[in-house]
Amino acid sequence: MGMTIGEKILARASGKDVVKPGEIITAKVDLCMSNDGTTHLNIDIFENQLKAEKVYNPEKVVFIVDHNVPSESAKTAEVHKKMRIFAQKHQIPFYEGTGVCHQIMIEDFVVPGQLIIAADSHTCSYGGLGAFGTGVGCTDFTSVMNTGEIWLMVPETLKFIIEGKFKPGVYARDLILKIIGDIGANGANYKIMEFGGPAVKAFTIDDRVVLCNMAVEAGAKSGLVAPDETTIEYVTSKGRQDMHLFTSDEDAVYEKIYYYNLDELEPMIAIPHCVDDVVPIKEISEVKINQGFIGSCNNGRIEELRAAAKILQGNKIDPYVKLLISPASKAVYLQALSEGLIDIFVESGAMVLNPNCSVCWGSCQGVIGEGEVLLSTGTRNFKGRAGHPNSSIYLASAATVAASALTGKITDPRGAVQ
Amino acid sequence: MIKGKVWKFGNDVDTDQIIPSQYLLLPTVEEMKQYTFEPLDKDFASTICTGDVIVGGENFGSGSSREQAPLVLKALGVSAVVAKSFARIFFRNAINIGLPVIICKEVYDDVQNQDTLEIDVQRGSIRSVKSGETFTSTTLPAHVMNILEAGGLIGFLNQK
């Protein structure tokens, strides 16, 4: 009986030939990463509870300050200081203010076939490069940072076969919202979401990361796309050569297979306050917005910025709407600068922020007040996540946010791109 | 055996509701715990008693990997969380800090706020004192039970 990509990665990491769903394994971790959302607690556990002295391998641990950047309070500054001192002491690679942790990991570290554990739920993003990434909490992370190992239960795999081609104004973001809306916020709980089919083969790395990043919003342990020429080209362009190119066997066993055709897909939107409350944009009545946000680990990459810029170019955003844009990393920011996208954003009236988690995380920049409405490319629309408990968040693609910022209300971007 | 008063919540209780992001960078869990469930119930932290039990619907603890979510519950004295289903990372984090998390679909409709539940985690049974009904819950795999019984992953590792 064959294995899926995810099973093959877990088998390799645990030194086994075969693993099966439900089996508990002890796996060696290729990389672990932690950000400023929890690292102060990780360090406390490491030093005071584990009473550990060394990280298992400083080359396999990464600290990234991306959640509250720059620090908005003295208390946050203390958290960052604590991270910096620990990283320096243990010679751990340390990033501060250079972008969202997952984008930095993809740009600088991830290769296909790795098992990566990080103290952030969107670690599943690395499946876009064919790596098994999964999010954990402080205690698990700290244990991994100390031993290089973790126990895992091998999950079942759901397969999503995608065919067809995106129509203008429709993006990977719309596809993953549609899927989560269909299967529900716990529709993939504890499972792997494997995305394949002819359409995915033609997807860019950015598109693949968008799909895998949101897998956790359906409860998944990981999202995965089989590595191929596109993946190899991307990874080697970053100077990384060693990789394990696993693909699923033809007789691999899936718990369920879903089929989607992009020819039938239209711009989608998640309405407050659940990520799985998803409808086609044309089905919602007029919703005025107070703020738009383009960025986050899901949608702050260059392709999304290009899509937004195309719509904003030569236009002004609604005078009573704020539009905040945060490129996902320094590299994305520099690319956007060189392509003139930042000029377009600023001229349209948008505020361009430094690369960081920003509005999506709701604790740093761009929080909203009581009764206000945010339209965001962020990952979650939970009640109160963007500020006041009685505010609303809608989730959509960068193009939808851009088109809506111009009109001041939620707007189907197809009219703006054709 | 756990015995505690019920605090009942609905489906998809997410980690931002359990502990909003603006409090996560406070230096200690003790400082965070007063904000537990702030978006849903501002008085929760000041009125919950040690030993009380949280009862949730489907997908309890969805969202962020923030371990602060089960940590603040434990710090407030919550003795167990019983839900129809849990989000994966929350479930694992709770086990790792020694907070019992119990999957039971049937008990949800039977209990109301302030009812009392008696829970036997090892045997997988839950009894409602008010209705007298006993419900069967999912038991944990031996490896996971060992971690919970050690008071969490750190205790488990230190035992080794």
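Tutor: Let's fix one term before we start: a residue is buried under 20% relative accessible area, exposed over 50%, and partly exposed in between, using a 1.4 Å probe and protein chains only. Keep in mind that this is a predicted model, where local features need pLDDT of at least 70 and side-chain atom pairs count only at pLDDT 80 or more, while totals for chains, interfaces and linings use all residues. Residues are numbered from 1 along each chain as its sequence is written, chains are lettered from A and ligands numbered from 1 in the order in which they are written, and side-chain values use heavy atoms, with hydrogens and water left out.

Student: OK, is A:Tyr95 buried or exposed, and at what relative accessible area?

Tutor: A:Tyr95 sits in strand E4 (residues 94-96) of chain A; helices (H or I, at least four residues) and strands (E, at least two) are DSSP runs, numbered from the N terminus. Its contacts, meaning heavy atoms within 4.5 Å, include A:Val62, A:Phe63, A:Ile64 and A:Val65 once neighbours within four places in sequence are left aside. The cut-off for buried is under 20%, so A:Tyr95 counts as buried, with a relative accessible area of 18%.

Student: How far apart in space are A:Tyr95 and A:Arg84, C-alpha to C-alpha?

Tutor: Along the sequence, A:Tyr95 and A:Arg84 are eleven residues apart. In space, the C-alpha to C-alpha figure is 9.0 Å.

Student: Which strands of chain A does E5(A) pair with?

Tutor: Two strands pair if DSSP finds at least two bridges between them. Strand E2 (residues 31-35) joins strand E5 (residues 115-118) in parallel through three bridges, with A:Cys32 opposite A:Ile117. E5(A) also runs parallel to strand E6 (residues 132-135) over four bridges, where A:Ala118 has A:Gly135 as its bridge partner. The partners are therefore E2(A) and E6(A).

Student: And which residues of E5(A) point the other way from A:Leu115 and A:Ile117?

Tutor: A:Leu115 and A:Ile117 share one direction, and all four residues, on either side, are buried. Pointing the other way are A:Ile116 and A:Ala118.

Student: What handedness does the crossover from E8(A) to E9(A) have?

Tutor: Strand E8 (residues 157-163) of chain A has six of its seven residues buried, and five bridges tie it in parallel to strand E9 (residues 192-196) of chain A, with A:Thr157 partnered by A:Ile192. Between E8(A) and E9(A) the chain passes through helix H6 (residues 172-183). A crossover is right-handed if, with the strands pointing away from the viewer, the path from the first strand over the helix to the second runs clockwise. This β-α-β crossover is right-handed.

Student: How many bridges join E8(A) to E11(A)?

Tutor: Strand E11 (residues 256-261) of chain A runs parallel to E8(A). In that pairing A:Leu158 stands opposite A:Lys256. The number of bridges is six.

Student: Which element gives the largest share of the largest nonpolar core?

Tutor: A nonpolar core is a set of buried Ala, Val, Leu, Ile, Met, Phe, Trp, Tyr and Cys residues joined through side-chain atoms within 4.5 Å. The largest one has 102 residues, and A:Phe63, B:Ile54, B:Phe60 and B:Ile119 touch the most other members. Helix H1 (residues 5-13) of chain A is itself mostly covered, with eight of its nine residues buried. Five residues of the core, the largest share, come from H1(A).

Student: Why is helix H5 of chain A called largely enclosed by the rest of the structure?

Tutor: H5(A) spans residues 138-147, and its buried residues include A:Cys138, A:Asp140 and A:Phe141. Just after the helix, A:Gly148 takes a positive phi of about 80°. H5(A) is largely enclosed because the number of its ten residues that are buried is eight.

Student: How many salt bridges are there between chain A and chain B?

Tutor: The interface brings 46 residues of chain A into contact with 40 of chain B. About 3400 Å² is buried there, 57% of it from carbon and sulfur atoms; buried area is the accessible area (1.4 Å probe) that two parts lose on being put together, summed over both. A salt bridge is a side-chain nitrogen of Lys or Arg within 4 Å of a carboxyl oxygen of Asp or Glu, and A:Asp140 forms one with B:Arg92, the closest N and O atoms being 2.5 Å apart. The count between the chains is three.
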